[in-house]
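Here is a walk through one protein chain, from its overall build down to individual side chains. Keep the model open and turn it as you read.

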Amino acid sequence: MARNIDGTEISRVMRAEMAQQVADLQAQGVTPGLSVVLVGNNPASQAYVSSKTRACEALGMKGQTLHLPEAVSTEDLFAAIDRLNADASVHGILVQLPLPAHLPYKAVLEHIHPDKDVDGFHPRNAGLAFVGDPRAFVPCTPAGIMEMLRREDISTRGKHVVIVGRSLIVSKPLASLLMAPGPDATVTITHRHTPDLASFTRQADILIVAVGKQNLITADMVKPGVVVIDVGQNRVADTDSPRGYRMVGDVDFDAVSQVAAAITPVPGGVGPMTITMLLANTIQSARQSLQARAGKTP
């Protein structure tokens, strides 16, 4: 039976460490500040934004939400982002996705100043992360996965990591991080057009799945002793739940747990790490702004 990789507990430990980092920055006159831009009234987005703000406040950081109407124009949204870009007390800015269809989300994300792009989606940050520049803000989910592997003492050096999925948010930046000097993994990226997917997943020493399809990975698709990181978030009807649904991943957890050495649950695995790394990136931005103010290179 696989051991659970408990993202909730790892996050708890990390946030205790980060609270001290925030206190250290405050002693130097800087309180890390995160601003979230929320457009419209999507209930899931509202709940997610509220959790980010509460997480900031719990660490002694400043968390604020800028709530704009569903019909906001691109020009007005850009103007709101410009104000946050110019505000020295704001170290991190993120625009909550998805945006309404009339807004050009790529242009919106690129309008955030790269030095405050704590989601790591700006092309400059993507490029810096690709070449291993420490100034880069790495997208939060890949950064969280790397931190989980490190804190769980799961070696990646010389291991074959198979990633199912090819998104710009998770899979591609994660592949770059894993192949870099230090992690030294050999990485294969697969996707929905890969023929005979199981022939690749069975080769994996570490299998990372980020597709959004329930039970995509079954027990016969993995080799004994594999480490499985399930990034999937799928809503399944459940009349026993007060919400009427429950969340499951992309992996058949019960069956694959009988074969794997370690596995992340859903919920409670990768999810908590994503918000934790968002906080970490905001603290990094505050630290870099302090260094820049002192005339030092971050």
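What follows starts with the whole chain, moves on to a sheet, and ends with salt bridges and one helix residue.

A word on ground rules before we dive in. This is a predicted model, so to speak: local features need pLDDT of at least 70, side-chain atom pairs count only at pLDDT 80 or more, and totals for chains, interfaces and linings use all residues. Residues are numbered from 1 along each chain as its sequence is written, and side-chain values use heavy atoms, with hydrogens and water left out.

Let's zoom out. The protein chain has ten helices and eleven strands (DSSP runs numbered from the N terminus, with H or I over at least four residues for a helix and E over at least two for a strand). Its C-alpha trace spans about 55 × 45 × 35 Å along the principal axes. The radius of gyration is 20 Å, which agrees with the value near 19 Å for a compact globule of 298 residues; that radius is taken over C-alpha atoms, and the globule rule is 2.2 Å times the number of residues to the power 0.38.

How much of the chain is buried? Buried residues make up 51% of the 298, where buried means under 20% relative accessible area, exposed over 50%, and partly exposed in between, with a 1.4 Å probe and protein chains only. About 13900 Å² of the chain is exposed, and carbon and sulfur atoms supply 54% of that area (Shrake-Rupley method, 1.4 Å probe; for residues, only the protein chains shown count as cover). As for contacts, meaning heavy atoms within 4.5 Å, take those between residues at least 6 apart in sequence: 69% of them join residues at least 24 apart.

UniProt has an entry to lay over this, an unreviewed one, which lists residues 5-119 as "domain: Tetrahydrofolate dehydrogenase/cyclohydrolase catalytic". UniProt positions are given in the numbering used here, feature names are shortened, and annotations may be inferred rather than shown by experiment. Over residues 5-119 the chain is 50% helix and 16% strand, with the end C-alpha atoms 24 Å apart.

Now find the open sheet. Six strands make it up, in the order β1-β11-β8-β7-β5-β6, and the pairing is parallel. β1 (3-4) and β6 (186-190) stand at the edges with a single partner strand each, so one side of each is left without a neighbour in the sheet. Two strands count as paired if DSSP finds at least two bridges between them. At the β1 edge, two bridges join β1 to β11 (residues 262-263), and Arg3 has Ala262 as its bridge partner in β11.

Move along to β7, residues 206-209. Four bridges join β7 to β5 (residues 160-164), running parallel, with Val161 opposite Ile206. β7 also pairs in the parallel sense with β8 (residues 227-230) over four bridges, and there Val209 has Asp230 as its bridge partner. Which way do the β7 side chains point? Ile206 and Ile208 go one way, Leu207 and Val209 go the other, and all are buried. In a regular strand the side chains alternate between the two faces of the sheet.

On to the charged pairs. The whole structure has ten salt bridges, each a side-chain nitrogen of Lys or Arg within 4 Å of a carboxyl oxygen of Asp or Glu. One of them joins Glu9 to Arg12, with the closest N and O atoms 2.7 Å apart; both sit in helix α1 (residues 7-27), three residues apart, about one turn of the helix. Glu9 is partly exposed at 34% relative accessibility.

Arg151 and Glu147 make another, at 2.6 Å between the closest N and O atoms. They lie four residues apart in helix α6 (residues 140-151), again about one turn. Arg151 is partly exposed at 27%, whereas Glu147 is buried at 14%. Salt bridges that share partners join Glu17, Glu147, Arg150 and Arg151 into one network. Elsewhere, Asp115 meets Arg124 at 2.6 Å, N to O; Asp115 is partly exposed at 39% and Arg124 at 40%.

Finally, look at Thr282 in helix α10 (residues 270-293). Thr282 is buried, at 0% relative accessibility. Leaving aside residues up to four places away in sequence, Thr282 touches Pro32, Gly33, Leu34, Met61, His91, Gly92 and Val118.
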